[in-house]
Amino acid sequence: MTQTLTLALSKGRIFDETLPLLKAAGIEVLEDPETSRKLILPTNQPHVRVVLVRATDVPTYVQYGGADLGVTGLDTLIEHNSDWGGSAGSAGLYQPLDLQIAKCRMSVAVRADFDYVAKVKQGARLKVATKYVAIAREFFASKGVHVDLVKLYGSMELAPLTGLADAIVDLVSTGNTLKANHLVEVERIMDISSRLVVNPAALKMKQADIRRIIDAFSAALPAAKS
Ligand code: AMP
């Protein structure tokens with residue numbers, strides 16, 4: 001009997017950029033998440049389905065077996081592993097591939113009139129607003145900079161403009177959002193891209209199906225093509 005295979009994706013950039021990889025694996029999603037209200041989308045392969053979840057919930061679905069595999073940003077993965085109480089990989093997620101999609105960078109940004117270098121040199125305590133507290137904590141600790149972290153869930157750009165924080169740690173792609181809000185990028189913490197994550201138990205139980213997907217994705221990556 002063929003077992004159902006469930007793939008967790010979030011709407012938007014990750015969904016859109018995963019579609020060509022799925023196609024390379026012979027999988028086509030039969031409904032458009034932008035127009036359908038369904039949370040479980042069928043594919044052309046009767047035993048493969050896609051579940052639409054919030055980006056930050058993808059690792060949770062895969063870790064606890066609500067999905068067999070998923071696609072999630074490295075930023076989300078690091079924060080998830082930290083919430084779960086350990087270092088990367090401790091949440092028990094198998095991470096076989098960097099899919100090189102939804103690429104951006106995690107950076108520190110401040111108001112254009114804030115002298116970040118001087119403040120850091122003086123050993124001043126910085127107030128930093130971010131959604132990515134684990135990444136920010138680790139980054140500033142490694143630099144020996146003392147920070148007070150303020151957790152936000154959105155519109156981080158507003159924090160330095162309102163006096164809530166001196167700096168933000170956020171994802172930057174084109175830099176247009178920072179520019180529009182008179183903020184400047186002062187440090188690049190890490191490059192971010194999306195990863196394939198797999199539930200280890202599912203990998204054992206559904207080995208052939210999951211391996212086929214990993215191999216097809218892997219062969220379709222830009223590095224494999226060049
Ligand atoms: P940009 O104006 O192109 O630099 O994009 C910055 C905004 O888009 C910020 O609000 C980021 O949080 C968000 N963003 C950029 N790239 C990504 C990504 N790969 N995944 C999720 N959010 C992103």
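**View 1. Contact of Thr174 with the ligand in the predicted model.** In this predicted model, an N or O atom in the side chain of Thr174 is 2.6 Å from an oxygen atom of the ligand. Thr174 belongs to the residues around the ligand, and Ser173 and Gly175 are also among them.

**View 2. Asp170 and Arg13 beside the ligand.** Asp170 places a polar side-chain atom 3.2 Å from an oxygen atom of the ligand. For Arg13, the ligand atom concerned is a nitrogen, which lies 3.4 Å from a polar side-chain atom of this residue.

**View 3. Surroundings of the ligand.** The ligand is surrounded by Arg13, Ala102, Cys104, Glu157, Asp170, Leu171, Val172, Ser173, Thr174, Gly175, Asn176 and Thr177. The domain assignment of the chain gives domain 1 as 5-102 + 193-225 and domain 2 as 104-192.

**View 4. Interface of domain 1 and domain 2.** The C-alpha centres of the two domains lie 29 Å apart. Contact involves 8 residues of domain 1 and 12 residues of domain 2. About 760 Å² is buried between the domains, and carbon and sulfur atoms give 60% of this area. Of the area that domain 1 buries against domain 2, 57% is supplied by Asp75, Ile78 and Glu79, more than by any other three residues.

**View 5. Helix H3 and the polar contacts of the interface.** Between domain 1 and domain 2 there are 0 salt bridges, while 3 residue pairs are in polar contact across the interface. Helix H3 (residues 74-83) contributes 5 residues, the largest share of the side of domain 1 that touches domain 2. By class, this side has 3 nonpolar, 2 polar and 3 charged residues.

Key. Residues are numbered from 1 along each chain as its sequence is written. This is a predicted model: local features need pLDDT of at least 70, side-chain atom pairs count only at pLDDT 80 or more; totals for chains, interfaces and linings use all residues. Side-chain values use heavy atoms; hydrogens and water are left out. Domain bounds come from an automatic or database domain assignment. Contact means heavy atoms within 4.5 Å. Buried area is the accessible area (1.4 Å probe) that two parts lose on being put together, summed over both. A salt bridge is a side-chain nitrogen of Lys or Arg within 4 Å of a carboxyl oxygen of Asp or Glu. A polar contact is a pair of N or O atoms within 3.5 Å; within protein, one must be able to donate a hydrogen and the other to accept it, and residues adjacent in sequence count only if both atoms are side-chain atoms. Helices (H or I, at least four residues) and strands (E, at least two) are DSSP runs, numbered from the N terminus. Ala, Val, Leu, Ile, Met, Phe, Trp, Tyr, Cys and Pro count as nonpolar, Asp, Glu, Lys and Arg as charged, and the others, Gly among them, as polar. A residue is near a molecule or strand if one of its heavy atoms lies within 4 Å of it.
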